[in-house]
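Work through the exercises below with the sequence and the 3D structure open beside you. Try each task before you read its solution.

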Amino acid sequence: MKTLRDFNFKDKKALIRVDFNVPLDEHFNVTDDTRIAAAKPTITKILDDGGSCILMSHLGRPKGVQKEFSLEHIKAKVEEIIGVDTIFASDCIGEEAQTLADNLKPGQILLLENLRFYKEEEAGDKDFSEKLAKLGDVYVNDAFGTAHRAHASTAVIAQFFKDKKFFGHLLEQEIESIKKVMENGEKPVLAILGGAKVSSKITIIENILDKVDHLIIGGGMTFTFVKAQGGHIGDSICEDDKMELALQILDKARAKNVKVHLPVDVVAADAFSNEADTQIVDVAHIPDGWQGLDAGPQSIKNFDAVVQQCKTILWNGPLGVFEMENFAKGTIALGNSIAEATKNGAFSLVGGGDSVAAVKEFGFEDKVSYVSTGGGAMLESLEGKILPGIAAILE
Ligand code: AMP
């Protein structure tokens, strides 16, 4: 793997694909700068070597040039976090960008305007990629959040840098932590999959059965599995057309010696609302008119026992409707269990969508080993796909 450590960037202009797709408020202030901070180690390494950085990113989903999506809004935040004055190019390609890049001195940063002002970016246009490529001497991809896209700046551009292309520190960390779970995790390895639907997690489950010793299935997915085995799930969310598949997954798991753990009890509610009446019921005996919205107390205990005996833990998807306070207990308890196991030496990776939101909201971010910065990219990695942004550097 070609990492930044393999190279001295002295006098080099590094064209870096970062993920600065950060949320802005109505005054265009950055409301969460996690992604900018995440790119800092890469930028600092290159500047410290005596190189310069040309930063390129997308922001939002503009349709053509729309100034509300300008990266100029985040320039001040980049300067604050990196601690270096930043030059801004009002177009990501063209004469101005090229001149600013040509005149860039070691230690300086040039921030390019939103790549997605050009439809060629998402189309993976080769000419557009080449124009971008002309700005730098070397290419660094540090944008894990878009690594699953074959866009101009994330993948297509790499062909113009032959042996001068590198994984940034963030991308490297993401790849390493996925590897730790999927390839060389210390046993026993546990995957916890929650969330709403079986259909969105099937490929992950199938891929992961070869890698894990234990699989906890929670959240809304539970009920497709419970009903498929003859349980009564009341009005709980269920994908009837996936019941057959659920049984096949359980068979496969048995054949591969993977222990599957489902909730045994749930917090059932008489409406999909935080104000609903609730009762704790057996997962396979949910009365009509009631729906399971969170893991129950016995399930929480059972899951904790599994978590504490595992050395490698992957968590994707909440155990309940954590957005509502009354149905967040299972997810919070699981977060606590994983934090405890991590403290005792387990490696824990949280990734892909809502579990990351839950981990941040409930303050577990610093208590797990690694929180992935990429939603879709993480999910596709867990499905076993080789991401275009990663493949392009390896080619
Ligand atoms: P996903 O994006 O597939 O990880 O699903 C996350 C969503 O699943 C969250 O918005 C949760 O509210 C939802 N969810 C979790 N458990 C349940 C449940 N028992 N019933 C309905 N939705 C659920």
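A residue is near a molecule if one of its heavy atoms lies within 4 Å of it. Keep in mind throughout that this is a predicted model.

**Exercise 1. The surroundings of the ligand**

Find which residues come nearest to the ligand, and describe the polar contacts of Ala 196, Gly 292 and Asp 354 with the ligand.

Solution. Begin with the list of neighbours: there are 16 residues around the ligand, and those that come nearest are Ala 196, Gly 292, Gly 320, Glu 323 and Asp 354. Next, look for pairs of N or O atoms within 3.5 Å, since that is the cut-off for a polar contact. A polar backbone atom of Ala 196 is 3.0 Å from an oxygen atom of the ligand, and a nitrogen atom of the ligand lies 3.0 Å from a backbone N or O atom of Gly 292. For Asp 354 the contact is made by a polar side-chain atom, which lies 3.4 Å from an oxygen atom of the ligand. Finally, consider the surface: the ligand taken alone exposes 500 Å², and the protein buries 82% of that.

**Exercise 2. The two sides of a helix**

Determine which residues of helix H2 are buried and explain how they are arranged around the helix axis.

Solution. Helix H2 spans residues 75-82, and its buried residues are Lys 77, Val 78, Ile 81 and Ile 82. Seen down the axis of H2, these residues fall within an arc of 115°, so they line one face of the helix. A general rule helps here: an α-helix has 3.6 residues a turn, so residues three or four places apart point the same way. The next step is to ask what the buried residues of H2 pack against, and the partners are helix H1 (34-49), strand S2 (52-56), strand S3 (86-89) and strand S4 (109-112). On the face turned away from the buried side, H2 carries the exposed residues Ala 76 and Glu 80. Ala 76 has a relative accessible area of 52%, and it counts as exposed because the cut-off is over 50%. After H2 comes Gly 83, whose phi is positive, near 80°.

**Exercise 3. Aromatic pairs**

Describe the ring pairs formed by Tyr 139 with Phe 161 and by Phe 322 with Phe 362, and state where in the chain the partners lie.

Solution. A search of the whole structure finds 6 aromatic pairs. In one of them, Tyr 139 and Phe 161 are stacked, with 5.8 Å from centre to centre and 25° between the planes. Tyr 139 lies in strand S5 (residues 138-141) and Phe 161 in the loop between S5 and strand S6 (165-167), so the pair ties together parts that are 22 residues apart in sequence. Both Tyr 139 and Phe 161 are buried.

Phe 322 and Phe 362 form an edge-to-face pair, at 6.2 Å centre to centre and 80° between the planes. Phe 322 is in the loop between strand S15 (312-316) and helix H11 (329-343), while Phe 362 is in the loop between helix H12 (354-361) and strand S17 (370-371), and the two are 40 residues apart. As for accessibility, Phe 322 counts as buried at 5%, whereas Phe 362, with a relative accessible area of 22%, is partly exposed. To finish, note that ring pairs also link Phe 7, Phe 9 and Phe 166 into a cluster.

Terms used. Residues are numbered from 1 along each chain as its sequence is written. This is a predicted model: local features need pLDDT of at least 70, side-chain atom pairs count only at pLDDT 80 or more; totals for chains, interfaces and linings use all residues. Side-chain values use heavy atoms; hydrogens and water are left out. Buried means under 20% relative accessible area, exposed over 50%, partly exposed in between (1.4 Å probe, protein chains only). Helices (H or I, at least four residues) and strands (E, at least two) are DSSP runs, numbered from the N terminus. The arc is that of the directions from the helix axis to the C-beta atoms. Contact means heavy atoms within 4.5 Å. Rings of Phe, Tyr and Trp (its six-membered ring) pair if their centres lie within 6.5 Å; planes under 30 degrees apart count as stacked, over 60 as edge-to-face and the rest as tilted. A polar contact is a pair of N or O atoms within 3.5 Å; within protein, one must be able to donate a hydrogen and the other to accept it, and residues adjacent in sequence count only if both atoms are side-chain atoms. Accessible areas come from the Shrake-Rupley method with a 1.4 Å probe; for residues, only the protein chains shown count as cover.
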